[in-house]
Amino acid sequence: MTLTLYELYQKMLSHMGPTNWWPADTKQQIIIEAILIQNTTELNATRASQLIKDATAYDLQKIIALSQEQLQELVRPAGFMKNKSKAIHTLAKWYVDHNEDSTSIAKKYGTKLRKILLSLHGVGPETADVLLTYVFDQPQFVSDKYARTLFTQLGVKDLTDYKSLSIKLSTLPNPFTFTDAQEFHGLIDEFGKKFFHPIEDFKKSFLAGEQLKLD
């Protein structure tokens, strides 16, 4: 059977139920965790996030006020502590300089927002798309490894890296809303954790034998 993108989302939601991803209390927390999760496990990112929460309650003003050494120690469990601490400081300051108002930021920059985010230290394509989806409430698609693996299993060709899927699918089409985009990303990642380790387990999943039509 061939599924459209929205049919795939609906089928995953029906079988798996809502994930309510990203599990955070504030957009400030998501901003921090979007950096922490880079190139590490969810467990390690969560450890570092908890340290930052204990020290600052995710108050970006308090994070900016930390010394470089203090912030690095909080970030340490997530690895790459020098680069990630600099990225968190840069992104936090940028957000504070914009009055921590995600709606006005999205309105100010419009379609240029992704390019603006990519210009900030430590923000690559995946992180930018996560921020667009979860902080700026846009129907963006996160072309992460689980998404590429899933789409490959569903017959989409030549998904070799982040950009290879991103150029095929960046903004989700109607009738996707930004809340659908958030949930879709969560569903794909939860599906991947269950059925891609090893990849042969995909054959046991409820999507085995399906084909995806991206056009």
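Rings of Phe, Tyr and Trp (for Trp, the six-membered ring) are called a pair if their centres lie within 6.5 Å; planes under 30 degrees apart count as stacked, over 60 as edge-to-face, and the rest as tilted.

**Figure 1. A cluster of aromatic rings.** Ring pairs join Y6, Y9, F141, F151, F176 and F184 into a cluster. The structure as a whole holds 18 aromatic pairs. Keep in mind that this is a predicted model, where local features need pLDDT of at least 70, side-chain atom pairs count only at pLDDT 80 or more, and totals for chains, interfaces and linings use all residues. Residues are numbered from 1 along each chain as its sequence is written, and side-chain values use heavy atoms, with hydrogens and water left out.

**Figure 2. Y146 meets F196 in a tilted pair.** A pair of aromatic rings is described by the distance of the centres and the angle of the planes. For Y146 and F196, that's 6.2 Å centre to centre and 35° between the planes. Y146 sits in helix α10 (residues 145-153) and F196 in the loop between α12 (178-195) and β2 (211-213), so this pair ties together parts that are 50 residues apart in sequence. Helices (H or I, at least four residues) and strands (E, at least two) are DSSP runs, numbered from the N terminus. F196 has 8% relative accessibility, so it counts as buried. Buried means under 20% relative accessible area, exposed over 50%, and partly exposed in between (1.4 Å probe, protein chains only).

**Figure 3. F191 and F202 pair up edge-to-face.** Here the ring centres are 6.1 Å apart, with 70° between the planes. F191 belongs to helix α12 and F202 to the loop between α12 and β2, so the pair ties together parts 11 residues apart in sequence. Both F191 and F202 are buried.

**Figure 4. A cis bond and a positive phi in the loop between α1 and α2.** Going from W21 to W22, the peptide bond is cis, with omega near 10°. W22 is in the loop between α1 (5-16) and α2 (27-36). That loop between α1 and α2 also holds N20, a residue other than glycine whose phi is positive, near 55°. With 57% relative accessibility, N20 counts as exposed.

**Figure 5. The cis bond before P198.** From H197 to P198 the peptide bond is cis, and omega is near 5°. You'll find P198 in the loop between α12 and β2.

**Figure 6. D137 and its positive phi.** D137 isn't a glycine, yet its phi is positive, about 50°. Look for D137 in the loop between α9 (125-134) and α10. D137 counts as partly exposed, at 29% relative accessibility.
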